[in-house]
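Please look over the following model before reading the notes beneath it, which are grouped by topic for someone new to it.

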Amino acid sequence: MFVSKAAVVGAGTMGGEIAQAIAAADIPVVLKDIKQEFVDQGLAKAREITKRRLDRLVEKEKLTQEQADARLEEVMGRITGTTEYEGFGDVDFVIEAAPERMEIKLQVFRELDTVTPGHAILASNTSSLSITEMGEATLRPHKVVGFHFFYPASVMPLIEVIAGDDTDEETITAAINFAQAIRKQPITCSEVPGFVVNRILMSAMGEIWRAQAEGKLSIAKIDQALTEANATPMGPFFLIDQLGLDTVLHVAEHLHDVYGESFYVHQGIRDLVASGKLGAKSGGSGTYEDGQPQLEGENEPDPEEIVDLMSLKALVEACLLLEEGVCTVREIDLGMMAGAGMDPRRGLLPPFMKADVLGLDVVLEKLERLQERYGDRFAPPVTLRRLISQGRLGVKSGQGFYAYPQPDEGEQPETVKLETRGNVAIAWLANPPMNAISPQVIRDLAEVWRRVEDDENIGAMVIASSVPVVFSAGADIKAFTSMDEAAGKELIDTGHATLRALGSSRVSTVAAVNSIAFGGGCELAMACDFRIAAESAIFGQPEIKLGIIPGFGGTQRLPRLVGPAKALEMNLLGDAVTAGEAYEVGLVNAVVPDHELFDTALAWARRLAGQAPLAVEQIKRVSHKGDLDEGIEAEKAGFATVFQTEDAKEGIAAFLGKRKAHWRGH
């Protein structure tokens, strides 16, 4: 499923911003509402956002004013405003952004089912309502999906892709690729009230509301305590003023109705909403007015207690989502990073990362104390107890919700760390933030592999990521383009020789793919004998989008794994495939829950390490005997040829400049 044209129904603040995000990605979009004044407001919002961004580029001297003006008209020219459904007959993806009332959404979906082609995906920007119920209003429930943006949609990178009971895998994959096409970060989840981020946030924020109301605490001092402790990017009371008290209250009441007392609703906030004090949207009067608190309470909070109430309740709710099978470890944390501002680079850690850093045994002790004081809302989750009983205590033990390197003593390469456990080696990719395959990574991987092959006691090696949210996002384009031709050729030869050795040596190799494996990262995984994927893993060969071809075996190893037809599709389209699809087509050998990935990969490696090394080497060398070396040489020549073209330079420049490439065939 490809998206060449999209539509947005509902031209309010969110609708206008969503349309702008689509048009800015050079995709035509129809923006519809029931009145022309609403359509005009949506168009004005899209123009305002686009102009503001372009003005910044002019200030930074990255664009001239003339270029900015032309780009503004180019983006706005891709948005067509309407009060009718004309223009919907050839759309591929529709996002409903109507008011958050089910009767309105059902009517919209009935209409969309009639006016759009049968292949079109119908998506809802709902923050809490049932995707399954919306799908049942159509004749294509398998093509109905949640596509939840976060406010403001022009700034927040997260999109929650929500599967209803009838949503099929193809629709989910198409939604993921569309989200990436409009430069957003998707996570996928099953349908539950509140989905992922809102459920965790409202559960944790409810404990702060409860403590404030019952203890008559100062909201200003609560906000200060939480921000100073880096528990949240901004205080929870300040935050709801920005989001709108009515919006937050609506979600809180809905989740309270569904989940009960675990989700608290603050009566003082109810009273403010009833009096029209909604925060920024009502002129600035909400829980604060002119910087002064509007909720009763002047008592001092206990900073440590406040931080624990919020952070540990967030962890409990995150574990419940995990145990219910709603979402994965990595995507829950990624959702909190992209949707709630929990940025590790600023010391703001999402729930599972934070627990691993603190120590799961320490977290358990804290939860048991809170459970004794506040009841079963803080009952330690089963997953937490299970990990602790297995000795997985987080960073300090090398494994918790995530796996962490414990490199061997002595001098280590810079970007790939070597760890040995008996007769198994682990090569940890350690080039944050995205584990890009840089020239240094290639050199360091070659050095680690040399050490492994020189050690006769090692029979298998796992390649794993030390970055919890990515395996490898691909090649470091900037680094490669800065090299001269001779140096580039030498490095390419070194990289190919190392990857070739991974698949032909007496040492068996296993790639533990925890998340994104794009381009060079996917090729590195394919060079290994086996690939174990976490449920969160996602694979792709997007080089075609840069105007180049795969350069580390993607044109040769991929067809050997998935067949020539699927390989051609992946290489020519450049779209991502999920872990489930990767397993179905043969790209990976197994898919396991995120927190079981490293254990599973290690188990495979230990079994392989016990096999007869000479037999292993010969089996690997003669299995699927073909012209791989010749193919690699042809690929190297093709890559070198294409890499020097004007199209390649344009594609790379467009990628680095975050714009659409313009191909000329030169």
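With 666 residues, a compact globule would have a radius of gyration near 26 Å, and the protein chain agrees with this because its own value is 26 Å; the radius is taken over C-alpha atoms, and the globule rule is 2.2 Å times the number of residues to the power 0.38. This is a predicted model, in which local features need pLDDT of at least 70 and side-chain atom pairs count only at pLDDT 80 or more, while totals for chains, interfaces and linings use all residues. Residues are numbered from 1 along each chain as its sequence is written, and side-chain values use heavy atoms, with hydrogens and water left out.

**Overall form**
- Along its principal axes, the C-alpha trace of the protein chain spans about 80 × 60 × 50 Å.
- The protein chain holds 27 helices and 19 strands, which are DSSP runs (helices H or I, at least four residues; strands E, at least two) numbered from the N terminus.

**Burial**
- Of the 666 residues in the protein chain, 56% are buried, meaning under 20% relative accessible area with a 1.4 Å probe, protein chains only.

**Strand β16 and its partners**
- Strand β16 covers residues 530-534, and 4 of its 5 residues are buried.
- Strand β14 (residues 508-513) pairs with β16 in the parallel sense over 4 bridges, where pairing requires that DSSP finds at least two bridges between two strands; here Val 513 stands opposite Ala 533 in β16.
- Strand β19 (residues 590-592) also runs parallel to β16, joined by 3 bridges, and Ile 532 stands opposite Ala 590 in β19.

Definitions and conventions
Buried < 20%, exposed > 50% of the residue type's maximum accessible area, 1.4 Å probe, protein only.
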